[in-house]
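User: Could you take a close look at the pockets in this one, and at how the parts around them fit together?

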Amino acid sequence: MSAKHSSLIEIETPVLRPGSDGQTLFWMQEHAFCVHLNLRGDSSSSVFSEAVGAVTGTAPPEHPNTCVSSEHCRLAWLGPDEWLLIGVHEDFGPAPLEERLAPLHHALTALSGGQTILRVGGENWRNVLASACPFDLHPRVFGEGACAQTVIAYTNVLLMPVEDPDRGEALDIVVRRSFADHLARWLMDAAAEDGFEFLSPVGSP
Amino acid sequence: MLQIECPWCGARDQEEFQYGGEAHIVRPENPDSLTDAHWADYLFNRTNVKGVHAEQWCHAAGCRRWFNVLRDTMSYKILAAYRPGEQPPGSEE
Ligand SMILES: [Zn+2]
């Protein structure tokens, strides 16, 4: 079996580049190798919701642009019949869900190798992102429990506000693997003035 | 830039959307029985209104769903957004 590599393999981390006044107001850390599954089905059918809940610990959120977490995973709304399931542990595979959903009308697609999570934070993260993201990131309208698909620097992303256990308020950016390097380099550039720190990726290959 | 109201996600920037042409064009039920002129009319001819236009948009960088919009082609003002299968607000039905 060949080794897995982080999407940001060409960016050397950790890297610390303070801004013009020696400050560091932005940080980024990849959460690599999470389990990503795309789930489609009819959430108005209680059989479907219960089957998902039995495996994930939570029913898929029905309200647009919201996400829910359980012990094992996070479930983010992507569309009226579509969700992204992110497994917290690597052993959260599609098999148990596939088994439960087999008799029901559904689609379950493994995306783990195709996308990754860039977690960003720091005092100025909203300003850094706002320079290339048309979505309103103000905490008044976008806080924990919300999610949104939008674009940053011409790249499709899913945004989820989170609380980082070590660093406090943060934002998870789910991005296609092939665009992760572009996005990370773009963030470096956008945060140069504020100063930034890119930490080594979390997650083991 | 326009702000477009996705029926699911709410108001978002135009950058997230793709335009999909005139709305409510119904595919002929039996294409084999049409004359070339009728088929060409279905494929190519559009109303090209000056004023309120019903058109399709896709929330391409968001929820990736198609929906309909009423837009004034003179002022670019968006008057309404509604889901596929629904009739435009203010129409007879
Ligand atoms: Zn939408």
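Analyst: Here is a walk through the two domains of chain A and the pockets they line.

A bit of housekeeping: this is a predicted model, where local features need pLDDT of at least 70, side-chain atom pairs count only at pLDDT 80 or more, and totals for chains, interfaces and linings use all residues. Residues are numbered from 1 along each chain as its sequence is written, chains are lettered from A and ligands numbered from 1 in the order in which they are written, and side-chain values use heavy atoms, with hydrogens and water left out.

Let's start with the split. Chain A is assigned domain 1 (15–33 + 113–198) and domain 2 (36–112), with bounds that come from an automatic or database domain assignment. Their C-alpha centres sit 25 Å apart. On the domain 1 side, 17 residues touch 13 residues of domain 2 (contact means heavy atoms within 4.5 Å). Together the two domains bury about 1200 Å², 54% of it on carbon and sulfur atoms; that is the accessible area (1.4 Å probe) lost on being put together, summed over both. Gln115(A), Cys147(A) and Gln149(A) lose the most area in domain 1, together 40% of what that side buries.

Now the largest pocket. A pocket here is an open set of points on a 1 Å grid over the protein atoms alone, where a 1.4 Å probe fits, with protein on both sides within 12 Å along at least five of seven lines; lining residues have an atom within 4 Å of a point. The largest pocket holds about 400 Å³ of space, the volume being the space filled by probe spheres set on the points, which are joined across faces, edges and corners. It has 22 lining residues, and His31(A), Arg74(A), Val88(A), Arg119(A) and Val162(A) are the closest to its centre. Strand E10 (155–164) of chain A is among the elements giving two or more residues, and E10(A) has the largest share, four residues (strands are DSSP runs of E, at least two residues, numbered from the N terminus). Both domains of chain A give residues to this lining, so the largest pocket lies between them.

The second largest pocket, with about 240 Å³ of space, also draws on both domains, at least three residues from each. Of its 18 lining residues, Leu78(A), Gln115(A), Gln149(A), Arg176(A) and Arg64(B) lie nearest its centre. Gln115(A) and Gln149(A) come up again here, having been named for the area they lose to domain 2.
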